[in-house]
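Let's take a walk through this one, starting from a single residue and working outwards to the whole chain.

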Amino acid sequence: MLKYWIQKDVLNQPPYKVKTTSYQIKLNQNESPWDWPIDIKESISKSILASDWNRYPNLIPMELKKKIGEINHIDKNGVVIGKGSNEILQAVFTASIRSKDTVVSLSPTFAVYKILVKQKGAIFIESKLDSNFEVDPSDLISKSRNAKLTIICNPNSPTGSLLPLSVIEKVAKQTSGLVVVDEAYVDFSNVTAVRLLLSFTNLIVTRTFSKAFAMAGFRIGYGLMHNELASEIQKCLLPFNVDVPSIIALNALLDHSVEVQTRAQKICTERDRIISELNTIPGLKAIQSHSNFFLVSSKYTPENIFNYCANNGILIRNVSSYKGLEQYNRITVGTHSENNTLIRILKEMP
Ligand SMILES: Cc1ncc(COP(=O)(O)O)c(C=O)c1O
């Protein structure tokens, strides 16, 4: 009966999995290694306690839209807020993609895009990264030209590579479709397509508070775009999608953006330190990155490295099932002492 009830695309879709083991150090999901200080958490908790749990939130969190608009120097009506940037991506697909439409993205890239494409019965066209994980601009631009939607993760996950804005600009200019730039990791690259929003009404920039902003547990993200486009995308989010605790927490935490930027800088310094340390280990190769994670390959299989780290209490991400990453694990940058442990464990590897 499942075959009758459930669409074939869904039946054929493998479940989204994140392999987990017991760990002391968690370096597998590109989260911030630092939680918010306890006094800030207590003050937010008090506000959540004082809120009416029996009441819906405002239909649209206008105060947050205004703040996010101000931070990004764009009109508040061009801001759409969702339960994580994943929900914004889903709304964009719902608004724009139907069966047999074409969607272009990079390969390898964030796995959720393909899931959304398949669920719509759309056609996924991949622009393959080269052996240095760089984009071939002419391939991307030509494939995007007639695509209904092009989605570019910048910096890209899981590779950590960065596409110059000039290429994104050309894609936006030459395509007849929409272009989404997923900037989940923008705080670590400081390269943003936001200024292109002034010139391109077919452009959407998505952001998350789950990474540098250390709010993955709350589930909140947003999209920036032209006002008219925002009104249409908003229609594809279900009413009251953003919950009261997330709104309260984000309203408070946005006042600490400077601290977030300082932490992001620390992560970048640590990232470069770990990569150069790991590259002194014979048989191990760590790839330069513009994000808070990086790829590692070695003379051992990715599974061997994953298990070796797991046996030493460190959880990393085996990404070898991604096309083009058959040799790789992905490691998130942790705290200074977590990173020291990682480096020591890998140096001790027999
Ligand atoms: C590239 C990319 N985009 C979007 C997301 C989704 O983030 P959110 O937690 O805001 O849904 C992630 C999460 O890992 C990601 O890596």
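## Starting from A91

Leaving aside residues up to four places away in sequence, A91 touches G82, I233, C236 and L237. The residue itself sits in helix α5. Is A91 buried or exposed? It counts as buried, because 21 other C-beta atoms lie within 10 Å of A91, and the cut-off for that label is 20 or more. Another residue to look at here is K235: A91 and K235 are 144 residues apart in sequence, yet their C-alpha atoms are 8.3 Å apart in space. Keep in mind that this is a predicted model.

## Around the ligand

Helix α5 turns up again at the ligand. The shell there is made of 13 residues, and the closest are G84, N86, T208, S210 and G221. Which helix gives the largest share of that shell? That would be α5 (residues 84-96), with 3 residues. Sorted by class, the shell has 4 nonpolar, 8 polar and 1 charged residues.

## One face of α8

Now over to helix α8, which spans residues 165-174 and has I168, V171 and A172 buried. Looking down the axis of α8, the buried residues fall within an arc of 95°, so they line one face of the helix. That fits the usual geometry: an α-helix has 3.6 residues a turn, so residues three or four places apart point the same way. And what covers those buried residues of α8? The cover includes the helix α7 (137-144) along with the strands β5 (149-153), β6 (178-182) and β7 (203-208).

## Two domains, one interface

Zooming out, the domain assignment splits the protein chain into domain 1 (2-36 + 258-347) and domain 2 (52-255). Taken over C-alpha atoms, the centres of the two domains are 23 Å apart. How many residues meet across the boundary? On one side there are 30 residues of domain 1, in contact with 25 residues of domain 2. For the side of domain 1 that touches domain 2, α2 (8-11), α11 (257-278) and β10 (293-298) each supply at least two residues. The largest share of that side, 6 residues, comes from α11.

Here is how the ligand shell and the domain 1 side of the interface break down by class:

| Surface | Nonpolar | Polar | Charged |
|---|---|---|---|
| Shell around the ligand | 4 residues | 8 residues | 1 residue |
| Side of domain 1 that touches domain 2 | 15 residues | 9 residues | 6 residues |

Methods
Residues are numbered from 1 along each chain as its sequence is written. This is a predicted model: local features need pLDDT of at least 70, side-chain atom pairs count only at pLDDT 80 or more; totals for chains, interfaces and linings use all residues. A residue is near a molecule or strand if its C-beta atom, placed from the backbone, lies within 6 Å of it. Helices (H or I, at least four residues) and strands (E, at least two) are DSSP runs, numbered from the N terminus. Ala, Val, Leu, Ile, Met, Phe, Trp, Tyr, Cys and Pro count as nonpolar, Asp, Glu, Lys and Arg as charged, and the others, Gly among them, as polar. A residue is buried if 20 or more other C-beta atoms lie within 10 Å of its own, exposed if 12 or fewer, and partly exposed in between; C-beta atoms are placed from the backbone. Two residues are in contact if their C-beta atoms, placed from the backbone, lie within 7 Å. The arc is that of the directions from the helix axis to the C-beta atoms. Domain bounds come from an automatic or database domain assignment.
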